[in-house]
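I opened the model to look up what lies around the nucleic acid and between the protein chains. The entries below follow the order in which I went through them.

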2 protein chains.
Amino acid sequence: MPYSNRKFKDAIYEQFGRIGKALASPKRLEMMDLLCQGPKTVETLSRQADQTLANTSQHLQVLRAARLVESEKNGLYVTYRLADDNVCRFYQALRALAESRLFEIAAITREFMEQRDSLELVKSDELALRMHRGEVTLLDVRPTDEFESGHIPGAISVPLAELESRLAELPRDQQIVAYCRGPYCVLSVEAISVLRKKGFRAVRMEDGVSDWKAAGLPVDIAE
Amino acid sequence: MPYSNRKFKDAIYEQFGRIGKALASPKRLEMMDLLCQGPKTVETLSRQADQTLANTSQHLQVLRAARLVESEKNGLYVTYRLADDNVCRFYQALRALAESRLFEIAAITREFMEQRDSLELVKSDELALRMHRGEVTLLDVRPTDEFESGHIPGAISVPLAELESRLAELPRDQQIVAYCRGPYCVLSVEAISVLRKKGFRAVRMEDGVSDWKAAGLPVDIAE
DNA sequence: GAAATATTCAAGTGTTCTATTGATTACTGG
DNA sequence: CCAGTAATCAATAGAACACTTGAATATTTC
């Protein structure tokens, strides 16, 4: 059947719309953010995004229909991952656009961080310099599997859940920098709070591994 | 009122979702594409996107609520424009992601171009070279106002509507390259068809001005 | 093969979105 | 001030969507 001009355009923009529709839900965006950290099972995503399993599964199917994620069944578990690196980069572009266009985001973040007394930040370029000089200890407070799928070179993996029991490993004479999934992940905020209460000098780095990577800096992967 | 971690995340992703929701409609994406060509009135957009005025106005308000477009009233007309260059670049990133993830797009395009006998294409880098050598005449077949808000250096403005009456201006001994808004705009396809029927040697360039610009090439603006 | 578990499916409900229609507002020019 | 035009608003019907619940499926383990 022949395409009229209008039908052709409608067909094309409908395809673009498949991507757009996949991005239209806050929960799906949160899940994409989580999947930027590495592959995850449905159950893990469900827990980390605070929603029911069935709902998580349905959202994942929407993302899969837009070909933004792929899944693979391993025994009892189904593991989902972003379809390729471009998807994570695109998610970051959306995040950057939102940050630049919507001042509400900065306002919400400032209010939250103030309340958590976590306004002090280290920038990634400054961190790189001070790591090089051996002045700081870098802590990756995400779950172990995320550390293993990619982390900042030199970082020590201390998942937030283990932090209190592993304080003895950390230096008291050096500043500690903690990072997690990115600017809107609160794991490092919690970590800073714990560390300060115990008398450590600790600050947060906003960037996650994907931001670090997007800035052209190297990333280590566990074998 | 204090933010819990979950409330903070929900508030942040809800903001990201504002951008996502704005992208969830094929018609809105088409309008963003059109607005990448330059500012337009509601009436113009309505005509170019083939939809009623009221519907166009409503979609524009959704885009404005997401701060992707801005409007300005001049007398009887309201002119809408993209809020900044990043919005156009982001739209192009979405388009590129869609093209890379959804094979349907290539299939639909191929079928349409075959039927219109318009498969032959010139790449932008090849065009730049041949323009420099004076081997080709470059035709911008978009409406005049779009030409004026930005065009490829050296291009002649011959809106499709005027093409048949201005054939005398065009060379018969040289290849003619026509371009329009981008790969999914059909103005240049129509132009090629007219030109060939009249015995000219004509091929299409897929890229529009914003693609040309995104590739780091210079753009001329009429004073 | 039965129990346990991860995931998906199916159905239902309330909400949000799209497109249409007709009315209304805002502005210009006579 | 009136007529004409661009744009928006308001109300609506129908479609699509998000989330919940409970059942079904697939796989592993005992």
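How do the residues of the surface near DNA strand D divide into nonpolar, polar and charged? I count nine nonpolar, ten polar and four charged. I note here that the model is predicted.

**DNA strand D.** I found 23 residues around this strand, and the nearest are His59(A), Glu43(B), Ser57(B), Gln61(B) and Tyr80(B). Of the strand D atoms that come within 4 Å of the protein, sugar and phosphate make up 69%. I then looked up which elements supply the surface near DNA strand D. α4 of chain A and, from chain B, α3 (42-48), α4 and β3 (77-82) each give at least two residues. The largest share, five residues, is from α4(B).

Next I went through side-chain contacts to strand D. Ser57(B) has a polar side-chain atom 2.5 Å from a phosphate oxygen, and for Gln61(B) the corresponding distance to a phosphate oxygen is 2.7 Å. Gln58(B) reaches a base: an N or O atom of its side chain is 3.3 Å from a base nitrogen of DNA strand D.

**DNA strand C.** I repeated the search here. There are 23 residues around strand C, with Glu43(A), Leu53(A), Ser57(A), Gln61(A) and His59(B) the closest. Sugar and phosphate account for 71% of the strand C atoms within 4 Å of the protein. The surface near DNA strand C has nine nonpolar, ten polar and four charged residues. α4(A) contributes the most to it, five residues.

For phosphate oxygens of strand C I noted three side chains. A polar side-chain atom of His59(B) is 2.6 Å away from one, an N or O atom in the side chain of Tyr80(A) is at 2.9 Å, and a polar side-chain atom of Asn55(B) is at 3.4 Å.

**Chain A against chain B.** I find 60 residues of chain A in contact with 60 of chain B. About 5,500 Å² is buried between the two chains, 64% of it from carbon and sulfur atoms. On the chain A side, Tyr13(A), Phe16(A) and Arg101(A) lose the most area, together 14% of what that side buries.

I also checked one helix pair across this interface. α1 (residues 5-22) of chain A packs on α2 (residues 26-35) of chain B at about 105°, with the axes 8 Å apart. α1(A) is therefore roughly perpendicular to α2(B). The contacting residues include Tyr13(A) and Phe16(A) of α1(A), and Leu29(B) and Glu30(B) of α2(B). By class, I note four nonpolar, one polar and eight charged residues in this helix contact.

Key
Residues are numbered from 1 along each chain as its sequence is written. Chains are lettered from A and ligands numbered from 1 in the order in which they are written. This is a predicted model: local features need pLDDT of at least 70, side-chain atom pairs count only at pLDDT 80 or more; totals for chains, interfaces and linings use all residues. Side-chain values use heavy atoms; hydrogens and water are left out. Axes are lines fitted to C-alpha atoms, for helices over the stretch in contact, and angles run from 0 to 180 degrees between N-to-C directions. Helices (H or I, at least four residues) and strands (E, at least two) are DSSP runs, numbered from the N terminus. Angles under 35 degrees count as roughly parallel, over 145 as roughly antiparallel, 65 to 115 as roughly perpendicular and the rest as oblique. Contact means heavy atoms within 4.5 Å. Ala, Val, Leu, Ile, Met, Phe, Trp, Tyr, Cys and Pro count as nonpolar, Asp, Glu, Lys and Arg as charged, and the others, Gly among them, as polar. A residue is near a molecule or strand if one of its heavy atoms lies within 4 Å of it. A polar contact is a pair of N or O atoms within 3.5 Å; within protein, one must be able to donate a hydrogen and the other to accept it, and residues adjacent in sequence count only if both atoms are side-chain atoms. Buried area is the accessible area (1.4 Å probe) that two parts lose on being put together, summed over both.
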